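I opened these notes to record what I looked up, in the order in which I looked it up. The topics are overall make-up, helix packing, salt bridges and a few single residues.

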Amino acid sequence: HSGEAFDFELAWHLHQSLEIHAAFSYPPHAHVPPLSLLARRNKLSVSQKCLLGSQYSSQLEMAGQWQMACYVSLCSSVPSAGDSQDVRDALLGFGASSIRGLLSRNLQGKGDASIAVPGVGKITSADIAAVLDKTEEEVRRWFCEALAWRVRTNKRPSDSASRRIFQDEELALSMESGAWERAHELLLQLLVADDVEHVIKPPERTLQLMR
């Protein structure tokens, strides 16, 4: 790393460069460049690779660059050629948990379920799904899940009196993200007499939620 003990930028970029060189394949008996040989002999273990990615990602997030932190986490979770299935699963699991954590702490608006990374470009839910071996639908649910959590944490005590199942944002996002346990909990908390005042024919929105 650099002269700063907690600056992992150079270490992460060096590791990414060595990973690329180590991935090169050469014909039998061909000369192997020294840098590639160094990379192969000094390959990080899966725990070391995840730790380095986590440290640099945390450093970026603390600096207010959470979008770049998502990019770093995504790059750090890409398996190398020849990795065992256990290693691949560990790396992909690290990437998924890191991305979900970053979204839950930093996502401000729903948008189009993508992350705009300065200097890199837009990372779409399809890109994340492809790298982490997930479905795009599941990744999109992560965005809704993160927004639901942010709505929940931003609620003031005085807001509870005005919350209704008709317009509650957290309930809608919880349902969209597939967090059915939380949605059910909210439904029971928010349901008041006014929501079912028409006993014979309750509002359609109420019926949809009750189903």
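The entries below go from the whole chain to individual residues.

**Entry 1. Overall make-up**

I noted at the outset that this is a predicted model. I then listed the secondary structure and found 10 helices and two strands in the protein chain. Read from the N terminus, the order of elements is α-α-α-α-α-β-β-α-α-α-α-α.

I next looked up burial and found that buried residues account for 37% of the 211 residues in the chain. For contacts between residues at least 6 apart in sequence, I recorded that 59% join residues at least 24 apart.

**Entry 2. Helix 6 against helix 7**

For helix packing I kept to the usual pair of descriptors: two packed helices are described by the angle between their axes and the distance between the axes.

I took helix 6 (residues 125–132) and helix 7 first; they pack at an angle of about 120°, and their axes are 8 Å apart. Helix 6 and helix 7 are therefore oblique to each other. I entered their crossing as right-handed. On the helix 6 side, the contact is made by Ser-125, Ala-126, Ile-128, Ala-129 and Leu-132. Helix 7 contributes Glu-136, Val-139, Arg-140, Trp-142 and Phe-143. Sorted by class, this contact has seven nonpolar, one polar and two charged residues.

**Entry 3. Helix 7 against helix 8**

I then turned to the other contact of helix 7. Helix 7 and helix 8 (residues 169–177) pack at an angle of about 155°, with axes 8 Å apart. The two helices are therefore roughly antiparallel to each other. The crossing of helix 7 and helix 8 is left-handed.

I listed Arg-141, Cys-144, Glu-145, Leu-147, Ala-148, Val-151 and Arg-152 as the residues of helix 7 in this contact. They meet Glu-169, Glu-170, Leu-173, Ser-174, Glu-176 and Ser-177 of helix 8. By class, I recorded five nonpolar, two polar and six charged residues for the contact of helix 7 with helix 8.

**Entry 4. Salt bridges**

How many salt bridges does the count come to? The count is six, and I examined some of them individually.

In one of them, Arg-105 pairs with Glu-61, and their closest N and O atoms are 2.7 Å apart. Arg-105 belongs to helix 5 (residues 85–106) and Glu-61 to helix 3 (residues 46–62), so this pair ties together parts that are 44 residues apart in sequence. I looked up accessibility for both partners: Arg-105 is partly exposed at 46%, whereas Glu-61 is buried at 18%, because buried means under 20% relative accessible area.

Another salt bridge joins the side chains of Lys-122 and Asp-112, at 3.1 Å from N to O. Lys-122 lies in strand 2 (residues 121–124) and Asp-112 in the loop between helix 5 and strand 1 (114–117), so the pair ties together parts 10 residues apart in sequence. Lys-122 is exposed at 52% relative accessibility, and Asp-112 is partly exposed at 42%.

I also examined Arg-141, which forms a salt bridge with Glu-137 at 3.5 Å between the closest N and O atoms. These two residues are four apart in helix 7 (residues 136–154), which means that about one helical turn separates them. Arg-141 is partly exposed at 28%, while Glu-137 is exposed at 56%. I noted that Arg-141 is also among the helix 7 residues that meet helix 8.

**Entry 5. Lys-49**

Is Lys-49 buried or exposed? Lys-49, which has its place in helix 3, is buried at 7% relative accessibility. Leaving aside residues up to four places away in sequence, I found that Lys-49 touches His-15, Glu-19, Leu-44, Ser-76, Val-78, Ser-80 and Leu-91. For one of these, Ser-76, I also recorded the C-alpha separation from Lys-49: 7.0 Å, with the two positions 27 residues apart along the chain counted as their spacing.

**Entry 6. Positive phi values**

Which backbone angle did I look up for Ala-113? Its phi is positive, at about 55°, although Ala-113 is not a glycine. Ala-113 sits in the loop between helix 5 and strand 1 and is buried, with a relative accessible area of 6%.

Asp-133 likewise is a residue other than glycine with a positive phi, near 60°. I located Asp-133 in the loop between helix 6 and helix 7. Asp-133 is exposed, at 64% relative accessible area.

Key: Residues are numbered from 1 along each chain as its sequence is written. This is a predicted model: local features need pLDDT of at least 70, side-chain atom pairs count only at pLDDT 80 or more; totals for chains, interfaces and linings use all residues. Side-chain values use heavy atoms; hydrogens and water are left out. A salt bridge is a side-chain nitrogen of Lys or Arg within 4 Å of a carboxyl oxygen of Asp or Glu. Buried means under 20% relative accessible area, exposed over 50%, partly exposed in between (1.4 Å probe, protein chains only). Axes are lines fitted to C-alpha atoms, for helices over the stretch in contact, and angles run from 0 to 180 degrees between N-to-C directions. Angles under 35 degrees count as roughly parallel, over 145 as roughly antiparallel, 65 to 115 as roughly perpendicular and the rest as oblique. A crossing is left-handed if the near helix is turned anticlockwise from the far one by less than a right angle, and right-handed if clockwise. Contact means heavy atoms within 4.5 Å. Ala, Val, Leu, Ile, Met, Phe, Trp, Tyr, Cys and Pro count as nonpolar, Asp, Glu, Lys and Arg as charged, and the others, Gly among them, as polar.
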